[in-house]
Amino acid sequence: MRVERNGQSIETCRGDITRQEVDAVVNAANAQLAPGGGVAGAIHRAAGPELWEACRPLGGCGVGEAKVTDGFGLPARKIVHTVGPVYARDEPSAELLAASYRNSIAAADGVAARSIAFPALSTGAFGYPMEAAAEVAFRALIEGLPGCASLREVRMVLFADADVAVHDPVLRRLASAAGWE
Ligand code: AR6
C-alpha cells in the first residue's frame, strides 16, 4: 500500500532490498559495518568487496546511528548503514529503533536522495517483534519526513507476504491519524 502527503509518499512492498532502484538503500548493519547474515550479508554480496573496503575506515556504527557509503554494485547510488537495537537488550529499544529510522532519512536527505528503501530493521537476527517494530518505524517516518528537503519517497521492503500483512494496517492507522491519504 501507499500513502501520500504534501508530495511525499510512504509505501510497503514485498521484495529484496538489494534489487531496489532508489537513490539510497538502508542496510540493517552490525556495529562493525562488516558483512554478516540477513540484509547485511545480502547487501555486501550484491555490492561487492569494495563496500567492505569503504566501511572499514568508518570505525563502526553505534546503535541508532547512520553512516553513508556509495552503493558500488547495487542499483542504488548510496547505502545508509544503520545499527538497530537488539530487542530487549539495547534499551530503550523503541527509542533506539526510532533513532535508526530518523537518522537514516536525515543521512539520505543529506546526500540529496529523493528515494530511500528500508528493510524492517531489527526484526530478523535482532529479534524485534514485527508489529511493534512497524509501529515505531512508521511513527518515526511520518514525523521525520516533513523535515526533509529532498526525500520524497520511502519504500518499506518486506521479505515475506506475511510481513506486508503485518505492516499495512499499522501504516494505514498511523498515516490516517496524521493526515496522510
Ligand atoms: N531484503 C529485504 N528484507 C530482508 C532481506 C532482503 N534481502 N533479507 C532479510 N530480510 P536482519 P536485524 C528481512 O537479520 O534484525 C545481520 O547478521 C528479514 O526477514 O537482516 O536488524 C547483521 O550482520 C527481517 O525481517 O537484520 C547484524 O548483526 C529484516 O529483513 C544483524 O543481522 C531484518 O533482518 C542485524 O539484525
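How far does a polar side-chain atom of Thr123 lie from an oxygen atom of the ligand? In this predicted model, the separation comes out at 2.7 Å. Asn30 does something similar, with a polar side-chain atom placed 2.8 Å from a ligand oxygen. Phe126 joins in through its backbone instead: a polar atom there is 3.0 Å from an oxygen atom of the ligand. With these contacts in place, the protein ends up covering 87% of the ligand's accessible area, which is 710 Å² for the ligand on its own.

Stepping back to the whole shell, 19 residues surround the ligand. Asn30 and Thr123 turn up again among the closest, together with Val39, Ser122 and Gly124. As for secondary structure, the biggest share of the shell comes from helix H1, spanning residues 38-47, which supplies three residues. Sorted by class, the shell holds 10 nonpolar residues and eight polar ones, plus one that is charged.

What about the space itself? The ligand takes up the largest pocket of the protein, and this pocket has a volume of about 580 Å³. Its lining is made of 26 residues, and those closest to the pocket centre are Ala28, Gly38, Val39, Ala40 and Gly124. Two elements, H1 and strand S7 (153-158), each give two or more residues to that lining. H1 is the top contributor here too, with four residues. The lining breaks down into 15 nonpolar, nine polar and two charged residues. So that a single picture emerges for H1, it is worth repeating that this helix gives the most both to the shell around the ligand and to the lining of the largest pocket.

The backbone has a couple of quirks worth a look. Most residues other than glycine have a negative phi, and most peptide bonds are trans. One departure is the peptide bond running from Glu91 to Pro92, which is cis, with omega near -5°. Pro92 belongs to the loop that links strand S5 (78-82) with helix H3 (93-110). The other departure is at Asn6, where phi is near 50°, a positive value in a residue that is not glycine. Asn6 also sits in a loop, this one between strand S1 (2-5) and strand S2 (8-14).

How values were computed
Residues numbered from 1 in each chain as written. Predicted model: local features only at pLDDT ≥ 70, side-chain atom pairs only at ≥ 80, totals over all residues. Heavy atoms only, no water. Near = heavy atom within 4 Å. Polar contact = N/O pair within 3.5 Å; in protein donor to acceptor, adjacent residues only side chain to side chain. Areas by Shrake-Rupley, 256 points an atom, 1.4 Å probe, with all protein chains shown as cover. 1 Å grid on protein atoms, 1.4 Å probe; cavity = no way out; pocket = protein on both sides within 12 Å on 5 of 7 lines; lining within 4 Å. Sits in = over half its atoms within 2 Å of the grid points. Nonpolar A, V, L, I, M, F, W, Y, C, P; charged D, E, K, R; others polar. Points joined across faces, edges and corners; volume = space filled by probe spheres on them.
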